[in-house]
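Take a look at the chain below. Let us walk through its helices, its core and a few residues that stand out.

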Amino acid sequence: MGHWVAVTKHVFQRRYSSVDVSIVVIAGSTGIVLIDTGGSPAEADELLGDLNEQFGLPVVAIINTHAHYDHCFGNHRMVERTAAPVYGHHLVGEHFRQYEQPRLSAQQANPLLEPEMQWDNVHLLEPTHPVHKRAVIELDDNCIELLPLAPAHSSTNLVVFLPQQRIWIVGDIVEESALPMYSAGSDTFGWPAALESLVGSMIDDDLIIPGHGSVVDRGFVIQQLELLQHMACSVRQGWIQGLSESEVIRGLTKKTPFSQTAIESAVTQGYKHLSNGRRATCLTSPTTSIPNATTN
Ligand SMILES: [Zn+2]
C-alpha cells in the first residue's frame, strides 16, 4: 500500500488504506485514465496529488467500477479539479437515489451515525457518460473496453477490460484482501452468474485487479466464484425447504466464512427475489464446466 505498483508498462494500481480500495491508472503519452475516485473529497484531493507526483499528466477520463461510496464519492471533487468526463454504469444515478443519497443525507444530518466518514462536503456526481452496453475508449494504442454487468455485487458494476494486455479491472465483484461483500444493491443469484460469465472469457495468464487487494489470477476468481455459488445455492435450498430467513442465516453463519453482515444481506436479498417469483438455479461447478477462453 501507499505506492503505485506497475501491473504492466501502462497500467498502475495503488491501494489506499482507508478500506484498502484499489485505484487504477491507465497511462497514455499525453494523459491518464483514472479508475475510481476514492470515498470523499479529501481522498480525491490526496489521490490527485499522488497522480500529479507520479504521472504529471492530465486526467482525460474517469471510470467508476460501481456506485458504492468508497469508489465514487470523490467524483465531484475530481471533476471539479480535472474537468474529465466520467464513465459509469447507466444505473449509477438510480443506485445513488435509492441507497447512497439517503445514507449520505442521514450521516450529514448526524455525523455520529458514521463518525469515521469524511462526508460533510460530499456531493454525489453521476457519470457524465452513462454506459448502457459494451463501449470502448481509446488511449494512444490502448483499447479500453467498458462492460456494464447485470446486477451482481451491485446493480452498477462495470468491468474494464484491456484486451491487448489481458487485464481485467473488476471492482468489488472480486476482492483479494477480504471476502466479497454483499451490500447495497447486491444480487445473491445474479452475482455468481455474472462472474461465471466473465470467468468464461478469461484465460490462465490474465491479470485481474480487484476492488480491494492485490492482483489475482483466473484460478483465484474461480475460488471466489465457488463461494458465491455456495451462498446462492444455500439460500435457494433454504427457500425450497421452507426455512425462515433467520434459520438460513444461522445455518450459514456456522458453515461459511462470510461476515454476519454479508450473510444477512445475501439471505435477505435472496429471499426478496425469490418471494417476487424469481427463479434461482444452482450453478454448476466452474472448475469443471468453464473452458478457457481463447484469444483468437
Ligand atoms: Zn462495493
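Helix α1 passes helix α3 in a right-handed crossing. This is a predicted model. The axes of α1 and α3 come within 7 Å and cross at roughly 45 degrees. That angle makes α1 oblique to α3. Which residues meet here? From α1 come P41, A44, D45 and L48, and from α3 come H76, R77, M78 and R81. Sorted by class, the contact of α1 with α3 has four nonpolar residues, one polar and three charged.

Stay with α3, which covers residues 75-82. Its buried residues are N75, R77, M78 and T82. What covers them? The cover includes α1 (41-54), β5 (59-63), α2 (69-72) and β6 (86-89). Note that R77 and M78 are buried and also take part in the contact with α1.

Now step off the end of α3. The helix is followed by A83, which sits in the loop between α3 and β6. A83 has a positive phi of about 60 degrees, although it is not a glycine. Most residues other than glycine have a negative phi. Is A83 buried or exposed? A83 counts as exposed, because it has 10 C-beta neighbours inside 10 Å.

D20 also has a positive phi, about 55 degrees, and is not a glycine. Look for D20 in the loop between β2 (11-16) and β3 (21-27). D20 has 18 C-beta neighbours inside 10 Å, so it counts as partly exposed.

Next, turn to the core. The largest nonpolar core has 65 residues. Which of them touch the most other members? They are I62, W168 and L195. Take I62. Leaving out residues up to four places away in sequence, I62 touches L34, T37, M78, A84, V86 and Y87. M78 is a name you have met: it is one of the buried residues of α3. Apart from the largest core lies another core, of seven residues. Among its members are Y69, C72, V92 and V122.

Go now to strand β12, residues 207-212, where you will find I209. I209 has 25 C-beta neighbours inside 10 Å, so it counts as buried. What does I209 touch? Not counting residues up to four places away in sequence, its contacts are V7, Q13, S22, V24, I167, W168, I169, V170 and V215. W168 appears in that list, and W168 is one of the residues that touch the most other members of the largest core. Now compare chain and space. I209 and E175 are 34 residues apart along the chain, and their C-alpha atoms are separated by 8.7 Å.

P111 gives another pair to look at. P111 and V221 are 110 residues apart in sequence and 37 Å apart in space, C-alpha to C-alpha. P111 lies in the loop between α4 (92-109) and β7 (129-131). It counts as partly exposed, because it has 14 C-beta neighbours inside 10 Å.

V221 leads us to another pair of helices, since V221 of α6 belongs to the contact with α5. Helix α5 (residues 190-199) and α6 pack at an angle of about 155 degrees, and their axes are 9 Å apart. How do they run? The angle makes α5 roughly antiparallel to α6. Their crossing is left-handed. On the α5 side, the contact is made by W191, P192, L195, E196 and V199. On the α6 side, it is made by R218, V221, I222, L225, L228, Q229 and A232. By class there are nine nonpolar residues, one polar and two charged. L195 is worth a second look: it is in this contact, and it is also one of the residues that touch the most other members of the largest core.

One more pair remains on our walk. Follow α6 (residues 218-240) on to α7 (residues 245-255). The axes of these two helices come within 10 Å and cross at roughly 140 degrees. α6 and α7 are therefore oblique to each other. α6 passes α7 in a right-handed crossing. The contact brings together S234, V235 and G238 of α6 with E247, V248 and L252 of α7. Three of the contact residues are nonpolar, two are polar and one is charged.

Key:
Residues are numbered from 1 along each chain as its sequence is written. This is a predicted model: local features need pLDDT of at least 70, side-chain atom pairs count only at pLDDT 80 or more; totals for chains, interfaces and linings use all residues. A nonpolar core is a set of buried Ala, Val, Leu, Ile, Met, Phe, Trp, Tyr and Cys residues joined through C-beta atoms within 7 Å. A residue is buried if 20 or more other C-beta atoms lie within 10 Å of its own, exposed if 12 or fewer, and partly exposed in between; C-beta atoms are placed from the backbone. Two residues are in contact if their C-beta atoms, placed from the backbone, lie within 7 Å. Axes are lines fitted to C-alpha atoms, for helices over the stretch in contact, and angles run from 0 to 180 degrees between N-to-C directions. Helices (H or I, at least four residues) and strands (E, at least two) are DSSP runs, numbered from the N terminus. Angles under 35 degrees count as roughly parallel, over 145 as roughly antiparallel, 65 to 115 as roughly perpendicular and the rest as oblique. A crossing is left-handed if the near helix is turned anticlockwise from the far one by less than a right angle, and right-handed if clockwise. Ala, Val, Leu, Ile, Met, Phe, Trp, Tyr, Cys and Pro count as nonpolar, Asp, Glu, Lys and Arg as charged, and the others, Gly among them, as polar.
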